[in-house]
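Q: I have a model on screen and want to learn how to read it. Where do we start?

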Amino acid sequence: MWDKAQKGQRQFPVEPKTGSGSTRRTDSLINLNLRSMRIISYTGVTKPSFLLVHPELPALAWKLQFTSISPQIPRTREKLVGLITRCQHSDAGRTKATRYADSSVSSTKSSRLGQRQRGPSSLYSRPSLLDMRNDKVANRARVYDFLRGIGIVPDELDGLELPVTVEVMRERVDFLHSLGLTVEDINNYPLVLGCSVKKNMIPVLDYLGKLGVRKSTFTDFLRRYPQVLHASVVVDLAPVVQYLQGMDIKPDDIPRVLERYPELMGFKLEGTMSTSVAYLVGIGVARREIGGVLTRYPEILGMRVGRVIKPFVEYLENLGIPRLGVARLIEKRPHILGFGLEERVKPNIESLLEFHVRKESLASVVAQYPEIIGIDLKPKLVSQQSSLKSVIDLGPEDFGRVVEKMPQVVSLSDKPMMKHVDFLKNCGFSLEQMRKMVTGCPQLLALNLDIMKLSFDFFQKEMQRPLDDLVAFPAFFTYGLESTIKPRHKMVTRKGLKCSLGWLLNCSDEKFEQRMDYDTIEMDEMESSPSFDMNTLTEPRSDESGSDYDSDDEYA
C-alpha cells in the first residue's frame with residue numbers, strides 16, 4: 001500500500017466495517033493518507049523550476065494531526081476525498097495560469113520588438129529604399145546646380161557615379177583647374193568629373209611624372225586625351241610603356257613619344273599597334289629602324305593598315321616609286337603617313353600636273369621632297385610661279401621644269417630668292433642667261449650666298465673661264481670649292497686638258513681618276529647637269545642607323 005502511494009497512485013484501502021482494532025487502524029490510515037496526499041500535491045506541480053506551496057495544506061495537516069477523529073468513518077472519508085479534489089483543481093489551475101502568463105509575456109515581447117522595428121524614432125531605424133533614392137536624387141540635383149553655376153553643362157553626366165556632396169565635386173573641379181584645364185576643356189569631356197582625385201587622378205599623374213613626362217605638358221596632354229585619368233596604372237598604362245620599350249624606343253624617348261601622342265595610352269596592344277608595325281616591316285622598313293620611326297612619328301601606332309597605311313603605300317607605288325623606295329621614305333620621313341590621301345595627297349598631285357610637272361616626273365618630285373604631297377600646295381605654286389615670272393620672266397613650262405628638278409622651290413620665301421637673283425645680276429649674267437641657269441639648276445635660288453661668292457671668285461681669277469661655261473653648267477656652284485673644284489682644276493691644268501665644267505665635276509672621284517688616264521676627252525662622256533636618281537632610294541643601307549631621335553621641325 002505504501003509503495004503504491006509513493007508511485008502517485010491515488011488508491012485508498014477499503015475500511016473494515018467491524019473489528020476491535022478498527023479505531024487504531026483508522027488513525028494510522030489517516031496519517032498515511034495525509035503523507036500520501038502531501039506527496040501528491042507537490043508532484044502535481046508541472047514546472048519543477050520553482051516551488052509553489054499551497055497555504056491550505058500545512059494548515060489542514062496541522063488540524064488533522066491535533067484534532068480528535070470522529071468515529072464516524074464515512075464522514076471523515078468524504079472530507080479526505082473533497083480535500084484531494086480541491087488539491088487537484090488547484091494544481092490544474094496553477095498550470096493553466098503559468099501557461100497563460102508565459103504566453104502573455106511572449107506576446108508582450110513580440111509586440112515591443114515590432115514597435116522597436118517599426119518605430120521611426122528609434123536609433124536603430126534604417127531608411128527605406130524610396131528614402132535612399134530620394135536622397136540620391138536630391139544630392140545629384142545640388143551637385144548639378146553647383147556645376148551649372150560655374151558654367152559646366154552636366155547633361156552628359158546622367159548615369160555616371162558622382163560625389164554625393166558639393167564639397168567633393170568642388171575639390172575635383174579645383175584640382176582640374178590647377179592642372180590648367182578650363183571650364184571649356186571640362187565641357188569638352190565632362191566625364192572627367194567622374195574621376196576621383198585621390199584614387200584616379202593623382203596616381204596617373206604621378207606615374208606619368210616618374211616616366212619623365214614634363215609637368216609643363218600635362219595641360220596639353222589632358223586636353224588631347226583626358227580619358228587617361230580613368231586608366232589603371234597597372235592594367236592600362238604600364239603595358240603600353242613596356243610595349244614601346246620592346247619596339248626599341250629608348251627609355252629617354254618614351255616621355256617625348258607620350259607627349260607627342262598621348263592618345264597612345266588608350267590603345268590595345270593586340271590591335272592596331274601590332275598590325276601597323278608588322279605591315280611596315282613587311283614592305284621593307286628595317287626592323288632596327290622601327291624604334292626611330294615610332295619615336296619621330298608615334299601616330300603610326302594608331303593608324304589602321306587597311307584604311308590608312310596600305311592605300312597610301314599603294315598610291316605611291318602607282319606613281320612610280322618602288323615599294324622598297326616607299327619603305328626608305330618612311331624610314332627617313334615617317335610623318336608622310338599622316339598626309340591624308342584623299343584630302344591632301346591626291347589633290348596636290350593634280351596641282352602638280354596642272355602646273356606643267358610631267359607625269360613621268362611625279363615619282364622623282366615626291367621622292368626628292370615628300371612634304372610636297374602634304375602641304376597646302378596650290379597657293380604656293382601660284383605664288384612662286386608669279387614671283388619667278390616677275391624677276392626672270394620664267395614661263396609656265398620652264399616653271400614645271402624647275403619644280404621637277406628642285407621641288408623644294410615651292411617652299412622658298414621670296415626675299416632670300418630675290419637676293420640670289422640679284423647676286424647673279426651682279427656677276428654679269430643677262431636676264432636670259434639667268435633664266436636658263438635657274439631652269440637648269442634651280443638650287444641657285446637656295447645656296448649659301450657666301451659660298452657662291454667664293455666659288456665665283458675662284459672661277460674668274462684662277463680658272464679664267466667665260467661666263468657661258470657657268471650658263472652651260474650652273475651646277476658648278478653646288479660643288480665644294482676646297483674638296484672638289486680646286487683639286488680637280490689643278491690636276492686638269494697639270495695634265496693640260498681642256499674640258500667642260502660638267503666633264504670636270506659631274507662624276508665620282510673614282511671616275512675622275514680614270515679620266516685622268518685619258519689622252520683625249522670622249523664626247524660621250526660630256527655629262528649634263530646632275531639629276532635625281534630613283535635608284536638611290538633602293539640602294540642597300542649603310543651600317544649607320546637612323547634610329548636616333550631627330551626633330552622634324554624644319555618641315556613643320
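A: Start with one term: a contact means heavy atoms within 4.5 Å. This is a predicted model. Now take serine 455. Leaving aside neighbours within four places in sequence, serine 455 is in contact with Phe476, Phe477, Leu481 and Ile485.

Q: Where does serine 455 lie, and is serine 455 buried or exposed?

A: Serine 455 sits in helix H22. A residue is called buried under 20% relative accessible area. Serine 455 has 0% relative accessibility, so it counts as buried. Serine 455 and threonine 478 are 23 residues apart in sequence, and their C-alpha atoms are 9.3 Å apart in space.

Q: What is the overall make-up of the protein chain?

A: The protein chain has 27 helices and 0 strands. It has 556 residues, of which 40% count as buried. Take the contacts with a separation of 6 or more: residues 24 or more positions apart account for 70% of them.

Q: How do I read one helix, and which residues of H22 are buried?

A: Check length, then faces. H22 has 15 residues and reaches 20 Å from first C-alpha to last, close to the 21 Å expected at 1.5 Å a residue. Its buried residues are Met452, Ser455, Phe456, Phe458, Phe459 and Met463. Seen down the axis of H22, these fall within an arc of 160°, so they line one face of the helix. The face turned away from the buried side carries the exposed residues Asp450, Leu454, Lys461 and Glu462.

Q: What do the buried residues of H22 pack against?

A: They pack against H20, helix H23 (467–472), H24 and H25.

Q: What is found at the two ends of H22?

A: Asparagine 448 caps the N-terminal end of H22, with a side-chain oxygen 2.9 Å from the backbone nitrogen of aspartate 450. Just after H22, glutamine 464 takes a positive phi of about 50°.

Q: Now H24. How far apart are its end C-alpha atoms?

A: They are 20 Å apart. At 1.5 Å a residue, the 15 residues of H24 (481–495) should span 21 Å, which agrees. In H24, Leu481, Thr484, Ile485, Arg488, His489 and Val492 are buried. They cover an arc of only 125° around the axis, which puts them on the same side of H24. On the other side, Glu482, Ser483, Lys490 and Arg494 are exposed.

Q: What covers the buried residues of H24?

A: The cover includes helix H22 (449–463), helix H25 (501–505) and helix H26 (509–515). After H24 comes glycine 496, with a positive phi near 80°.

Q: How do I read aromatic pairs, and how many are there?

A: Look at ring centres and plane angles. The structure holds 8 aromatic pairs. In one of them, the rings of phenylalanine 423 and phenylalanine 456 have centres 6.5 Å apart and planes at 80°, so the pair is edge-to-face. The pair links distant parts of the chain: phenylalanine 423 is in helix H20 (residues 414–427) and phenylalanine 456 is in H22, 33 residues apart. Both phenylalanines are buried. Ring pairs also link Phe423, Phe456, Phe459, Phe476 and Phe477 into a cluster.

Q: Which residues touch the most other members of the largest nonpolar core?

A: In general, nonpolar side chains tend to be buried together in soluble globular proteins. Here the largest nonpolar core has 139 residues, and Leu193, Leu229, Leu352 and Phe476 touch the most other members. Helix H14 (residues 305–319) gives the most to this core, with 7 residues. Look at phenylalanine 476. Beyond its neighbours within four places in sequence, its contacts include Ser455, Met463, Ile485 and Leu501.

Q: What about a polar residue such as glutamate 371: is it buried or exposed?

A: Check accessibility, then look for partners. Glutamate 371 is buried, with a relative accessible area of 3%. It lies in the loop between helix H17 (362–368) and helix H18 (377–392). Its side chain makes a polar contact with the side chain of histidine 335 (2.9 Å).

Q: Which way does phi usually point, and what is phi at aspartate 248?

A: Most residues other than glycine have a negative phi. Aspartate 248 has a positive phi, near 70°. It lies in the loop between helix H10 (233–246) and helix H11 (254–260). At 45% relative accessibility, aspartate 248 is partly exposed. Histidine 356 also has a positive phi, near 70°. Histidine 356 is in the loop between helix H16 (341–354) and H17. Its relative accessible area is 30%, and it is partly exposed.

Conventions
Residues numbered from 1 in each chain as written. Heavy atoms only, no water. Helix = DSSP H or I, 4+ residues; strand = E, 2+ residues; numbered from the N terminus. Expected span 1.5 Å × (residues − 1). Buried < 20%, exposed > 50% of the residue type's maximum accessible area, 1.4 Å probe, protein only. Arc of directions from axis to C-beta. Polar contact = N/O pair within 3.5 Å; in protein donor to acceptor, adjacent residues only side chain to side chain. Phe/Tyr/Trp six-rings, centres within 6.5 Å; stacked < 30°, edge-to-face > 60°. Core = buried A, V, L, I, M, F, W, Y, C linked by side-chain atoms within 4.5 Å.
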